[in-house]
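Work through these exercises with the model open. Each task is followed by its solution.

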Amino acid sequence: MLDFEFGNVAVTEFGVGRDDDNGPDFVAISVDTDVQTALLEMARVTWEQMQNQGDPTRYQPSEKHSSTEYLFVPEDDDLDNVIRTLHGANNLPIDGNALSEPDSIFCYFARFIDGKNRRLTALRRASYFKGVLRKRLIHLVNDLLAMVEDKVFKLDSDFDLLMDSDRTHIWRPSAFEFLSSVKQAILDAVPDNIASIKPDLGFLDFGGIQDYASTHSRAARCLASIRTQRLAGITRDSLVNLCRTMGVEIEETNGLLTVADAHVIGFLDVLDRRMYRVELVPDVPEQFRASSRHRINM
């Protein structure tokens, strides 16, 4: 459920996010009641589209997602920190000139507060919003078509994501990754993800894996996903046997399992339940890697 009531909105704010040398900069812009109504309708449409897909699944950094897919990030996850900072900010600076440099705008947003003081934040990438500036527009004035000289911005029909107090509701996964700077956030989170995984796999030397993942986004994404997987109960023998079956080379050094750089991705795919083997033709085993996978409950 959404921790917000669309039929009881008390406050509506509009603003844009701009690229700044020190990171994203969010400012508010005053809008009239017609724009406020349009923004609320966009948020409502976004939520309805999500609901039509049923229950969401948790966003997994290593997963291949559809262009539109209802996913979520829980409140205690670090991947949506940029958005959550905007969501919780009070008294955003008002800048009436924020649209004067459209090339610096990377998103626009709306923040709503309902009658119970619950907040909803909605974001959308600004590509379509400012794309109309590059087109030649005309309008009818006194029965005469004339060029539109002023800058014109166009709202979209829905938002890319919504955030309430409990979670980030994602409608367009690629936009979420862009708006949240997920790539850098995942790289920065490598040490924390290793620390979370390590207690369940005490027989594994994570030094080389951490060094590799700190500079390789694909490996860092796998670690972020593995952190959410069931790790308790994995035994040394079961992991070694599966790695050998899938052609992933591991060694033993000072009593701990180690993985060479060339096999880190394969090893992490094993831990992330992405490597599997079938033998439909007798004595002809085939190994595959799943770019997207959903658990089947038997």
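Buried here means under 20% relative accessible area, with exposed over 50% and partly exposed in between. The model is predicted.

**Exercise 1. Describe the chain as a whole.**

Start with burial. Of 298 residues, 43% count as buried. Next, take the secondary structure: 10 helices and 14 strands. Then the extent. Along the principal axes, the C-alpha atoms fill a box of roughly 80 × 40 × 40 Å. Now the surface. About 16400 Å² is exposed, and carbon and sulfur atoms supply 47% of that area. Finish with charge. There are 33 positive and 47 negative side chains, and the centres of the two sets lie 3 Å apart.

**Exercise 2. Find which residues of helix 10 are buried, and what covers them.**

Locate helix 10 at residues 264–271. Seven of its eight residues are buried, so by the under-20% cut-off the helix is mostly covered. The buried set is Val264, Gly266, Phe267, Leu268, Asp269, Val270 and Leu271. Now look for the cover. It includes helix 7 (207–213), helix 8 (217–226) and helix 9 (236–245), along with strand 13 and strand 14. Last, check what follows the helix: Arg273 has a positive phi, near 60 degrees.

**Exercise 3. Place Val284 and decide its exposure class.**

Begin with position. Val284 sits in the loop between strand 13 (275–278) and strand 14 (286–289). Then classify. Its relative accessibility is 40%, so Val284 counts as partly exposed. Finally, list the partners. Val284 joins Leu280 and Val281 in a nonpolar surface patch, and together the three have about 300 Å² of accessible area.

Notes. Residues are numbered from 1 along each chain as its sequence is written. This is a predicted model: local features need pLDDT of at least 70, side-chain atom pairs count only at pLDDT 80 or more; totals for chains, interfaces and linings use all residues. Side-chain values use heavy atoms; hydrogens and water are left out. Patches are made of residues with over 30% relative accessible area and no salt bridge: like charges are joined within 9 Å, nonpolar side chains (Val, Leu, Ile, Met, Phe, Trp, Tyr) within 5 Å. Accessible areas come from the Shrake-Rupley method with a 1.4 Å probe; for residues, only the protein chains shown count as cover. A salt bridge is a side-chain nitrogen of Lys or Arg within 4 Å of a carboxyl oxygen of Asp or Glu. Helices (H or I, at least four residues) and strands (E, at least two) are DSSP runs, numbered from the N terminus. Buried means under 20% relative accessible area, exposed over 50%, partly exposed in between (1.4 Å probe, protein chains only). Lys and Arg count as positive and Asp and Glu as negative; His and the chain ends are not counted. The place of a charge is taken as NZ of Lys, CZ of Arg, CG of Asp or CD of Glu. Contact means heavy atoms within 4.5 Å.
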